[in-house]
Amino acid sequence: MASAQSAPSLFWRLIDGLEALLRRLVPPKRRGVTGWLFLAPALLLVGILAVGLGYIIEYSFHELDIATYRLKDAYSLGNYQTLIERPVYRNVLWRSLLGAALVTAITLFFAFPYAYAMTRTRSAAMRKFLLIALFLPFFIGQVVRAYGWLIILGKQGVINAMLAGLGLGTLDLIYNYGAVIFGLIQYMLPFAVLLLLPALAAIPEDVEMASEGLGANWVSTFRHVVLPMAKPGLIGAGIVVFTLTLTDFAMPEILGGGTTDFVASAIYDSFFQISNAGLGAALSVALVLIGSAFVALFFSIAGSTTLDIGGEKK
Amino acid sequence: MVDVRQISRRFGDTLAVDDATLSVRRGDFLTILGPSGCGKTTLLRMIAGFLEPSGGHILIDGKPMDDVPAHRRSIGMVFQKLALFPHMTAAQNVAYPLKMRRFERGEIAARVDRFLKLVRLDGLGSRRPHELSGGQQQRVAIARALSFSPDLLLLDEPLSALDKKLREEMQLEFRRIQQELGVTTINVTHDQREALVMSDQIVVMDAGRIEQDAAPEDVYQNPSTGFVARFLGMTSVFSGIVVSQTDAGPTIRVGDREMHGRAGCAFKPDDTVECALRAEQIRILEAGDDGCDTQVVATVEQRIFEGDRVVYQVRVPALADATLYAFDHDPLQHRRHGVNSTITIGWNAADLFAFPVEPAT
């Protein structure tokens, strides 16, 4: 028997040798440790992030000393009080939250049919086209894209030039809330589609056919079968789009032109324009808390089942 | 009750279903039997309304279904992969068609109860599909397909994924439920045993065409084409040349032997034919036993013990070295014809079927 088999190749003998070496270096009893070792880089990154957050929280309890332009040594809740008392911060926060909610809702509304079409189309060419159209925007940075919109929508932009050419006068298409929301939706759409794709691909076509055969028209099938089965994907995509929008900086800055700041702009201004690190830190902490609260809310609405997306269904 | 008239379906260049015509009587159980890719599932999906025929018409209760979408047809379907709704409990699955068809609340509850009981799942209504076994999921699927009392039940190979024992159990279970409710049923399968066990009527399909449409006994005993003869049962096929043809049947020369056979059509002398013999119709003869019309000497090539029977694969020099299969149904006799031993086998003229040679594909 053994003689009939050809001798193992050098490669496999090398692998065997390495395995034997590994067995001697790491006794089987301590095997569990190696798994954790692979997690170390990730844990390190999260750790650094946590330390940074710690510093931010610490800063947020020190008020700015106008006389020296340094943070006072004394701990106080003054910065938070400022956030609550000054209407400008309440407005910024409200604007960010409303924007995030709007962008999330509209993006999901548009992403769903796109992702659905991608999973259901029978034509390979069509699927390829949809995939390329989806990934192309990823190659173009957010800032470049925002400037692209400025060129199209600006006072002397393509659309206004066309309108003027037709004698219809010009429109204010940028530097307002609508432009920011529009730009954000355009930016978030590929993320949402990408996150919805696996959820929709996991719905067998048979199930939809079964629903139809059992007497449901497509509206009922969508409401009672497709939507509930796509829920994990919708929640996942919703959370990502919501948090990305809530913390976005470039779109409100460029397409809003300083008129419609989101929280991130306010944080930037606090740190670098008015040099009030304490206030900026307080804004940051508030943003993290509010964002986390909303994510928690999403999950509680979705129910615990959403969390075992990848896990074995019991 | 269901009339399929000259229906065809084209996918690109291939004709998946080619001019198929069949009809089912009310309350009957019809099985469309054929190898995978023969177009049987396509045909079923056209009856269900999930696919548009390229040509022909489907009538249910005399009404043409041409413009009736699937959700307006009164058809219950059990899918190959069951297609249960995973986010609903068994009871909610069964209630789904009732809700979609706007049954009254009380009626829904009563029917869910009744149909879960019918499929012997009482008490398991609150479980989700993934908390049920394969057989139980089958039962949910069939209860869901029947709860709204459809005119027609379609089965798309729902049993093919089960292991043999459970499959045979569910075959009898499906048949029991079908007869209890008297619902007209069209079943699709590639499993000849399933077709023979469950059906009132069998339609055999190959390459998009209907080969035979008859009762199970007829399909088995009087196959109308060589394909049907080969597809059902364990059949030996060898070719011969017609010597003469009488009303009783053709006389065929195979190798150096001439023998009588049976045929569905009349041949002319010198026609080349395919001869088909079922393994159970070949007898292994003991010395002095000559109850058969035709007897030949054969060499055992292989002996396969299957528990309740022994299958012999033999080579017959007199029939131009044709390979035949024969059963010994009585292994308890401890006849042990070893490989390379010589045995005498025989059969009756009525059991030898002759078919025109099919054009090579």
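Two strands count as paired if DSSP finds at least two bridges between them. Helices (H or I, at least four residues) and strands (E, at least two) are themselves DSSP runs, numbered from the N terminus. Keep that in mind for the sheet below.

First, some ground rules. This is a predicted model, in which local features need pLDDT of at least 70, side-chain atom pairs count only at pLDDT 80 or more, and totals for chains, interfaces and linings use all residues. Residues are numbered from 1 along each chain as its sequence is written, chains are lettered from A and ligands numbered from 1 in the order in which they are written, and side-chain values use heavy atoms, with hydrogens and water left out.

**The sheet in chain B**

Chain B has an open, mixed sheet of six strands, in the order S13-S12-S11-S15-S21-S14. Its edges are strand S13 (257–260) and strand S14 (262–263), each pairing on one side only. At one edge, S14(B) runs parallel to strand S21 (residues 353–356) of chain B, with two bridges joining them. Here Arg262(B) sits opposite Phe353(B) of S21(B).

At the other edge, strand S12 (residues 249–254) of chain B is antiparallel to S13(B), and four bridges hook them up. One partnership there is Arg253(B) with Glu258(B) in S13(B). S12(B) and S13(B) make a hairpin with two residues between them, and Gly255(B) in the turn has a positive phi of about 60°.

**Two domains in chain B**

Chain B splits into domain 1 (2–224) and domain 2 (234–356); such bounds come from an automatic or database domain assignment. The contact (heavy atoms within 4.5 Å) takes six residues from domain 1 of chain B and five residues from domain 2 of chain B. The C-alpha centres of these two domains are 38 Å apart.

**Comparing the interfaces**

Two terms help with the table. Buried area is the accessible area (1.4 Å probe) that two parts lose on being put together, summed over both. A polar contact is a pair of N or O atoms within 3.5 Å; within protein, one must be able to donate a hydrogen and the other to accept it, and residues adjacent in sequence count only if both atoms are side-chain atoms.

| Interface | Buried area | Share from carbon and sulfur atoms | Residue pairs in polar contact (both at pLDDT 80 or more) |
|---|---|---|---|
| Domain 1 and domain 2 of chain B | about 470 Å² | 43% | four |
| Chain A and chain B | about 1700 Å² | 68% | four |

**Where the chains meet**

Chain A gives 18 residues to the contact and chain B gives 21 residues. Asp206(A), Met209(A) and Leu214(A) supply 35% of the area that chain A buries against chain B, more than any other three residues.

Now for charges. Side chains of opposite charge can pair when their charged atoms come close. A salt bridge is a side-chain nitrogen of Lys or Arg within 4 Å of a carboxyl oxygen of Asp or Glu. How many salt bridges are there between chain A and chain B? The count is one salt bridge: Arg45(B) joins Asp206(A), with the closest N and O atoms 3.6 Å apart. Helix H9 (205–213) and helix H10 (218–246) of chain A are the elements that give two or more residues to the side of chain A that touches chain B. H9(A) brings the largest share, seven residues.

Over all chains, the structure holds 23 salt bridges. One of them links Arg122(A) and Glu205(A) (3.1 Å, N to O). Arg122(A) lies in the loop between helix H4 (87–120) and helix H5 (124–135) of chain A and Glu205(A) in helix H9 of chain A, so this pair ties together parts that are 83 residues apart in sequence.
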